[in-house]
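The exercises below are meant to be worked through with the sequence and the structure side by side. Each one sets a task and then gives a solution in steps.

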Amino acid sequence: SFSKHSPCGFSSSSSTSAASFCVPFPVSKPYISLKAVEYVQEAIKDGLISSATKPVKTFEDKLKSLFQVPVAKACSSGYSALLLCMKAAEVGPGDNVIVPALTMIAVANAVIDVGATPIVVDVAPDQYNPSPEQYGDKVTPKTKAIVVCHTYGIPVDLYPIRQLCDERCIALIEDIAEATGSTYQGQLVGQIGDFAAASLYANKLITSGDGGFVLSTRETTSDGVSMYEQLRSFTNHGFVPDYHFMHLYQSGNYKMSGLEAAFVTPAIDDVKKVAEKRTEIAAWYRKFLADVPGIRLMPKSQFGPETPWVFGIEVETKEKRRAMRKILAENEIETRDYFLPLHLQPPLQGKLDCAEPPDLPNAQHLGKVGFYLP
């Protein structure tokens, strides 16, 4: 939500996160496995409620199996997952990290919070993600990592970006918060980057209420330390098992509780089923909105089945968006504006690589005229 004083005249929204599940047609309802209550009750009965208990490790093992990666670490949120990826990729002061303009501010915040500088890149024309060429144009000797976000569940063209990162010794971080269960040329997104960060917030494909996780295809750090053990330490104030109150890293508390892990674990078995339901919903929207004048539907995935996190549309002007959202709200149908692009976010002014916000016309246009439906 943005006030009438926000940059570029972005309109305010009457909806809030707290209210989103209280309307008949919210933008997203949480998927809760039938086994979730059983798993949570067992965890309570057995006293397995903290981050140091078996449910957390069980959750991590199921993630490794689903994504076929050697490392999976549960954490407290999508933001903390991004921050842990930055720390594990050794991003720090003096480094640049290339990020897409059309994404959640958590991406830029994680870069800034490790002392690095976000380099914001526009999305490609008629797309919601930057192209590999656009990422490549932003690479400099100071680039330490590239973040791809699969915005609104549309996968980025990963293989060329993977090749670019390998050639330039740059870490590739996938933000799969909006694309858990989506595929790129037969692989789950999150399997191709050096690291992947995910959110388990209530509106995501699977949820623990809040929460998140990190994946890594790297088994060890550059110093030969177990990547899992380092991530585990990063989630817990830099604790290490051998020295209980000696901390090897400066870090915070980003742990997931046993109850959260118990709640989300059975949903992992249903990721494919929930993603297929998203495909069905997207096809329904495309069928019935195809001939509606004055709107443009979100682009389809070019690399696999369409499994959008949300279904987005674009109208001609921000005034028409406001009017259309008002009519839908009057009929108890919740909608949300597209992201305000990162380079226009008030808290980020002065923290990017330029004195004034750059002109990123594609992201700016989408931010003004786009919104998404339940």
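**Exercise 1. Decide how helices α3 and α7 are oriented to each other, and describe their contact.**

Solution. The helices α3 and α7 are oblique to each other, and the steps below show how this is reached in what is a predicted model.

Step 1. Two packed helices are described by the angle between their axes and the distance between the axes. Here the axes of α3 (residues 78-88) and α7 (residues 227-234) come within 10 Å and cross at roughly 125 degrees.

Step 2. Angles from 65 to 115 degrees would count as roughly perpendicular and those over 145 as roughly antiparallel, with the rest, apart from those under 35, taken as oblique; the pair α3 and α7 is therefore oblique.

Step 3. The crossing of α3 and α7 is, in addition, right-handed. On the side of α3 the contact is made by Leu84, Lys87 and Ala88, and on the side of α7 by Met227, Gln230, Leu231 and Phe234. Sorted by class, the residues in this contact are 5 nonpolar, 1 polar and 1 charged.

**Exercise 2. Locate the partners of the salt bridge between Lys73 and Glu60, and decide whether each is buried or exposed.**

Solution. Step 1. The closest N and O atoms of Lys73 and Glu60 are 2.7 Å apart, which is inside the 4 Å cut-off because a salt bridge requires the nitrogen to be within that distance of a carboxyl oxygen.

Step 2. Lys73 belongs to strand β1 (residues 71-75) and Glu60 to helix α2 (residues 54-67), and the two are 13 residues apart.

Step 3. Lys73 has a relative accessibility of 6% and counts as buried, and Glu60, with a relative accessible area of 2%, is buried as well.

**Exercise 3. Find what the salt bridge between Lys62 and Asp269 ties together, and how accessible its partners are.**

Solution. Step 1. The side chains of Lys62 and Asp269 meet at 3.1 Å, N to O.

Step 2. Lys62 lies in helix α2, whereas Asp269 lies in the loop between α8 (258-264) and α9 (271-289), so the pair ties together parts that are 207 residues apart in sequence.

Step 3. Lys62, at 25% relative accessibility, is partly exposed, while Asp269, at 52%, counts as exposed.

**Exercise 4. State how many salt bridges the model has, and name the residues of a network among them.**

Solution. The count comes to 20 salt bridges. A network of salt bridges links Arg162, Asp166, Asp194 and Arg218.

Note on methods:
Residues numbered from 1 in each chain as written. Predicted model: local features only at pLDDT ≥ 70, side-chain atom pairs only at ≥ 80, totals over all residues. Heavy atoms only, no water. Helix = DSSP H or I, 4+ residues; strand = E, 2+ residues; numbered from the N terminus. Buried < 20%, exposed > 50% of the residue type's maximum accessible area, 1.4 Å probe, protein only. Axes fitted to C-alpha atoms, helices over the stretch in contact; angles between N-to-C directions. Left-handed = near helix turned anticlockwise from the far one by under 90°. Contact = heavy atoms within 4.5 Å. Nonpolar A, V, L, I, M, F, W, Y, C, P; charged D, E, K, R; others polar.
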